[in-house]
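Welcome, and thanks for taking a look. Please open the sequence and the coordinates side by side before reading on.

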Amino acid sequence: MIVDLTTTYLGLTLAHPVMPSASPLTGDLDHLHQLVEAGASAVVLPSLFEEQIEHEAMALHHGLEWVAGTGEATSGFLPEMDTYNTGPRDYLDLVRGARRELGIPVIASLNGTSTGGWTLYAKILADEGIDALELNVYFVAADFSLSSSEVEYQYLRLVSSVRQAVQVPLAVKVGPYFSSMASMGRRLVDAGADGLVLFNRFYQPDIDLDQMEVAPNLVLSTPAEARLALRWIAILRGRIDCSLAATTGIHGAEEAIKMILAGADVTMMASALLRHGPERLTATINGLREWLQEHQYLSVEQAKGSLSQQSVSDPVAFERSNYMKTLISYTAEW
Amino acid sequence: MPSSFIMVDGNEAAARVAHALSEVIAIYPITPASPMGELADAWSQKGEVNAWGVVPEVVQLQSEAGAAGTMHGSLLTGALTTTFTASQGLLLMLPNMYKMAGELTPAVIHVAARTIATHALSIFGDHSDVMAARQTGFALLSSGSVQEAQDLALIAHSATLRSRVPFLHFFDGFRTSHEVAKIESLELVAIREFIDEDLIAEHRRRALNPNRPVLRGSAQNPDVFFQAREAVNPFYDAVPRIVSEEMDRLAAITGRRYQIFEYYGHPQAERVIVMMGSGAGAVTEAIDRLASRGERVGLIKVRLYRPFSSTAFRAALPDSARAIAVLDRTKEPGAPGEPLYLDVLAALAETGDLPELVVGGRYGLSSKEFTPPMAEAVFKSLHEPEPRRHFTIGIIDDVGHSSLEYQAVWDEPADVTRAVFYGLGSDGTVGANKASVKIIGEHTDFFAQGYFVYDSKKSGSRTVSHLRFGPRPINSSYLIGPGQATFVACHQFQLLNEIDVLELAGKGATLLLNSSHSAETIWEQFPANVRKAITDKKIELWVVDAEQVAREAGLAGRINVVLQTCFFKLSGVVPVEVAVGAIKSEISKAYGKRGEVVIRRNHDAVDRALEHLHQVAIPDSPGEVAGFNGLAQRLRGAPDFVQRVTATMMAGKGDLLPVSALPVDGTFATGTARWEKRSIASEIPIWDPSICIDCARCALACPHAAIRIKVFDPAVTDGAPPGFLWKEADGREFSGKALTVQVAPDDCPGCGVCVQVCPARSKEEVRHQAINMELIESHLARERTNFAFFEEIPDPPRHTLKIDSVKGSQLMDPLFEFSGACAGCGETPYLKLISQMFGDRLIIANATGCSSIYGGNLPTTPWTVDRAGRGPAWANSLFEDNAEFGLGMRLALDRLEESARMLVTALLPELGTEAVAILEADQSQEQGIADQRTRVAWLRDRLGALESPLARRLEAVADALVRSSVWIVGGDGWAYDIGFGGVDHLLASGRNVNILVLDTEVYSNTGGQASKATPRAAVAKFAAGGKATRKKDLGQLAMAYGDVYVAQIAMGANMTQTVRAMAEAEAHPGVSLVIAYSPCIAHGIDMTGQMGHQKEAADSGYWPLYRYDPASEAKGQPGLRLDSRAPTMLFSDFAAKEARFAVLAKANPERAAELMARAQQDIDDRWQLYEQLVNVHRTAEYAELEEG
């Protein structure tokens, strides 16, 4: 029996629902080619960071300006160059190369800091002919005067401003930290999102005990972390009109299958690929195919959402307090 | 000829023509000519072609002598070749100039004329350099303005091809080279069409070519040399005619008419000034005014000075001329007169038509102002019954009484806007003003002029911009004078307390202040003199908080465009809407390539600026205010010279000092920087004794000697001021003692390096260290009192301290303190360290460069004395000769010691056996040196009682019996490039000297040009595409001699190694070479973290630390010891944090990647080599070097 693995994500028809998410692996063409060879059905490029672009440009400006006029160095110390690659040129080169060479849909990712920046760079990327755009919204609401509704409003405003600026399919990648994820998901879609990517894993601060200083670093995910996305994909499936992508904690076929059963259109991998290499992608696709075959599913579409909240016999299970549910499950085994 | 107006400075004006008409350009940096080489290099780097479609090859040499040699070779081989230089650089070219001229070689040297160092160095302008070249056989062509710098550059290049006589084209350093003016430009096509290509073909035909071989540069004998020398005469005779014809050709196509001697003034003038250069502008203005009063006066501007055409000169002079004053911008001591004067006299005498009176005078040395009133005074003096001969104008000569009196004030025309801006070197004021001049020049029919005055300090340096705009070409070749400015802007509020910002403001002028004080409260903040000036002059006052606007626009610290916008609004030179559009367009042009965000934020700042601009209501009277806290109060207790002379210079009034106030031979007392108390820091380090671990790293790393430690008897604190802090000193050797860490609050520039190196942190709050930068306002008063008390605490005797340890070295007084070096300077900590370790017996030969500027630029010097009055004796000779200069010091000391020992021996019968100890003294340690000092004091006592002539002779040399320490100090430009021949000779000498190379890896002082110490992949001026070759390994070259002690150090990487290396170098009885890694603002780093950069330089293997001690070889141990570990980080990770490398990755990623990869190979290769060398034992016997 041949299982039809095709899926639709953001209006794009993909060969199967397993793809690399934004990570350093998708940041250069050599690695992207390896991922394509490993079977990726699409790729999400790393984020174009407005803040970094601006920081680099301002650092350069500062560096060239600040010591001009010191002593005999009346024109500063470094020669003025013809051009500086302070804008998104490197990133656009990557986009162009990926589109030219990979033969699979290329999804660009964008992290802005200002409304103007989000729309400016979204337009620039859309003009490059990307297949879709993922908005990587990362926002630590540490401002004590900012209420949760104001934070939510900022998300919605930026999605709608980008939506107005570009026609390209739009996914919004968010973190799980909303008081009402369901409502937020719906409102993001209303604002113009064609898909939600659940969930973003942020750089978290750490403490370096040798240096006694804060040292942000990214710890690779574990499969256990997939549960959070699993819950919300299951809840949202069929209830809002958009694509759903599962990311975080998908390390192999098992997690991918669960996500699809919960209702994900695609599953995205990063940590497992960084740890095990692109071949883990192949193994996941094969594992997915085998499981579907074993369980006599004809297609991914058939399996998609079959265990969503709407589809299960105990819909409350997705909402129940983890602690209670877990406790009962354990005792039940005894 | 198609022409258009452009805004350029004199350097650019000349360099554009030179680049267009050259195939080879040999360069070397020297102020104020460096920008010409930098521009030529940058243009060629960008692929800009010359008039014939070829990109000129721009090559940097190791010195101007090298540039001239290369030029000579290139010319003889047929290429059109040029160079740019000034001052000492021109002197180094002289030998080749004789050759080029003697061989009738078409060539042009463009010179931004600058003072030659005599009793002192000066970077400023006069004609002493070009006058030293007048006998070389080069034609000398003088430009007096930016327009002329362009036009006469073309004349020079064309005339040299026609005449075969090489040309030196010069214009006044700074006044013309750095003045931005609106000129009509010569387009490339016009430049090409002006040159006769047949003449170029002839030049090629004369070139060395194996297909038609010839011999040049023969040696000739008495039989023919003389005749051959005379054979060139027809060529020289033809030059004046050729230049005149070229000038006529230029006039025909541009309408700009020049003459080799150009007359201006009354057709029947009785009194005439003869001069060359920019000063003519001031004279023409004086003539215009005198003519309006009916006075018959005139001026001859000398354009072609060599060959001097007597007939042309006579023809230019009105027959009515009765009295002539020839003004020379140079001084030739001992001559019957200065050169131009003598030439004019000779010319007139030869024509047999000598006017009644011809006098000579000097003006404008070292950019001394020359103004219309001074010209008037000269004309007036020619009226006097006995006009003064060999007069000076512009100074007060109360010794030789040579000076003419002149009016200080000169009313400039009403239709010219004159604006003066006070700012800091770091705040972008000058850059914004250059842009403003450009906007007005390019967007209006006005002519515009910008001139920018910089002070010699590198930290907190002040700038004053003088801008003029008017309906006619601006000839005013002098600063805006007192009461003449229609607009004054003070971009830094604190300057109101330091200088007389309103001195130049005229009646009803507008004053724009940048201040965080509001329009309502600002009046209360003014010192009394400012209030009085504002009310007296009825000044219209506006205030803007530019810092706030800049912050809001995301441009913290960059206040320039905010103030620029306000200037346009208030000055009304251009309608404000037009100005705003033009400013934005200039921003887009200037910053566009740096990134969209840079443009956006600057535009935003422009848009916000006017909302924050507010007019201040002026009270009718100044009101009661506390007196201005002047310099005098600060200088109470200072030596008389400081109070009378130094203070005047510090107040910016040095022009008022008469001749008698200054030393006759350039000798100054040291210990003067401490009187500056510049208070430029906004934050200073504050000590928390509860955390301090007594490590002394802060004091060692402090580039300014502004944070100090001291160990003392706790009883001393009985009289301490209430806020004085101390703790129990750690360590057995200091048992029972107290220790304090003290900031010198007025002398600290607030760089923060000390805090960065402090390892002690609070357990409860890790950001709190043993020292922390805190706002100066909260601490200034207390720390002032504390520092005063600190200075009174007795120091421990030197011999009780372990000087080769970090802590021990820091317990000794720094005898190098409070320099004006850049805040956070990477060089000065090393100098301060040697001043602590050996300061009381230190003699320093200091190469020209940053260290000679912050070390010896008036008004003050950071070199100082200890309580006994001893301290470093310091001298700067030149740039290129420093090694030899230092060797001379050593030889002298050795001879003096030898004489002293001989005399002691001869006087032993009289002195007694106690004197034997003097001859046998062991001075290897501090104790031994202290004992010897005691013996020499005893000896002097005894000698006083002896009547013998030998005793008198011995008294004169007895000091040489105490061991002294000769340090030869300079930067990499000196040691690797221009002075390397001398350094190499010194390395081979075996003499007991110490060479300290402060390696910033670029020519820092002249603005960051590449040297052979510049590493591969770094961007620098003259290496705009990234340096393609690897850094020279100076240490390796020195080690090859076998008997030279060599250390490569980086204080931030290993402080202990640094201190030990200095001690070992000094103890080594032969030559020692210490190469010290010195981070510099030219690296494009935040200097606060410079010590961290040093650590990463070592960690990445970029700057391996080592010591090579020949004494170890002698003991059978390997001579080389690697003090840093094998690289633990990639070069790219280190380089990414420094703009000098990172900029290339931004501008040209492919080339950056290639060069970075090769730079990593350099590092790997060198490390491998060094690791092998550690295991190498040399068999040659280590020379037994006797000290002295």
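Here is a short briefing, grouped by topic.

The model is predicted. Chain A has an average pLDDT of 89, and its interface with chain B buries about 3,800 Å². No disulfides are counted over all chains. In chain B, strands β13(B) and β35(B) each have every residue buried, 6 of 6 in β13(B) and 5 of 5 in β35(B).

**Confidence in chain A**

- In chain A, 94% of the residues reach a pLDDT of at least 70.
- One stretch to handle separately is residues 325–334 of chain A, where pLDDT stays under 50. For these residues the model has 1 contact beyond four places in sequence.

**The interface between chains A and B**

- On the chain B side, 49 residues are in contact with 33 residues of chain A.
- Of the roughly 3,800 Å² that the two chains bury between them ("about" is the word to keep), 56% is on carbon and sulfur atoms.
- Which three residues supply more of the area that chain B buries against chain A than any other three? They are K593(B), R594(B) and K1146(B), which supply 22% of that area.

**Strand β13(B) and its neighbours**

- Strand β13(B) spans residues 323–328, and 6 of its 6 residues are buried.
- A323(B), A325(B) and L327(B) point one way from the strand, while I324(B), V326(B) and D328(B) point the other way; all are buried. D328(B) is thus listed among the buried residues along with V326(B) and I324(B).
- On one side, strand β10(B) (residues 271–275) runs parallel to β13(B) and is joined to it by 4 bridges. V272(B) has I324(B) as its bridge partner there.
- Strand β14(B) (residues 357–363) also runs parallel to β13(B), with 6 bridges between them. I324(B) has a bridge partner in this strand too, namely V358(B).
- Between β13(B) and β14(B) the chain passes through helix α13(B) (residues 339–351), and this β-α-β crossover is right-handed.

**Strand β35(B) and its neighbours**

- Strand β35(B) covers residues 1045–1049, and 5 of its 5 residues are buried.
- Both of its faces are covered, with Y1045(B), A1047(B) and I1049(B) on one side and V1046(B) and Q1048(B) on the other.
- The pairing with strand β36(B) (residues 1072–1077) is parallel, over 5 bridges. Within it, Y1045(B) stands opposite S1072(B).
- Helix α36(B) (residues 1055–1067) completes a right-handed β-α-β unit with β35(B) and β36(B).
- Strand β37(B) (residues 1106–1108) runs antiparallel to β35(B) and is joined to it by 3 bridges. Here V1046(B) stands opposite Y1108(B).

**A three-stranded open sheet**

- Three strands of chain B form an open sheet in the order β25-β27-β26, with antiparallel pairing.
- Its edge strands are β25(B) (707–712) and β26(B) (727–728), each of which pairs on one side only.
- Strand β26(B) is joined to β27(B) (residues 738–743) by 2 bridges. The bridge partner of K727(B) in β27(B) is L739(B).

**Cysteines**

- Why is C490(B) not bonded to C566(B)? The closest cysteine sulfur to that of C490(B) is in C566(B), and at 14 Å it is too far for a bond. C490(B) itself is buried, with a relative accessible area of 0%.
- C850(B) is in no disulfide either, and the nearest cysteine sulfur, in C1080(B), is 6.1 Å away. C850(B) counts as buried at 14% relative accessibility.

**Two single residues in chain B**

- Is Q810(B) buried or exposed? Q810(B) is buried, with a relative accessible area of 3%. This residue lies in helix α26(B) (residues 806–810).
- Leaving aside residues up to four places away in sequence, Q810(B) touches several others, including A696(B), L700(B), I709(B), K832(B) and Q836(B).
- E764(B), by contrast, is exposed, with a relative accessible area of 73%. E764(B) lies in the loop between α24(B) (753–757) and β28(B) (771–775).
- The C-alpha atoms of E764(B) and M7(B) are separated by 59 Å, and these residues are 757 places apart along the chain.

Definitions and conventions: Residues are numbered from 1 along each chain as its sequence is written. Chains are lettered from A and ligands numbered from 1 in the order in which they are written. This is a predicted model: local features need pLDDT of at least 70, side-chain atom pairs count only at pLDDT 80 or more; totals for chains, interfaces and linings use all residues. Side-chain values use heavy atoms; hydrogens and water are left out. Buried means under 20% relative accessible area, exposed over 50%, partly exposed in between (1.4 Å probe, protein chains only). Two strands pair if DSSP finds at least two bridges between them. A crossover is right-handed if, with the strands pointing away from the viewer, the path from the first strand over the helix to the second runs clockwise. pLDDT is the predictor's confidence in each residue, from 0 to 100. Contact means heavy atoms within 4.5 Å. A disulfide is a pair of cysteine sulfur atoms within 2.5 Å. Buried area is the accessible area (1.4 Å probe) that two parts lose on being put together, summed over both.
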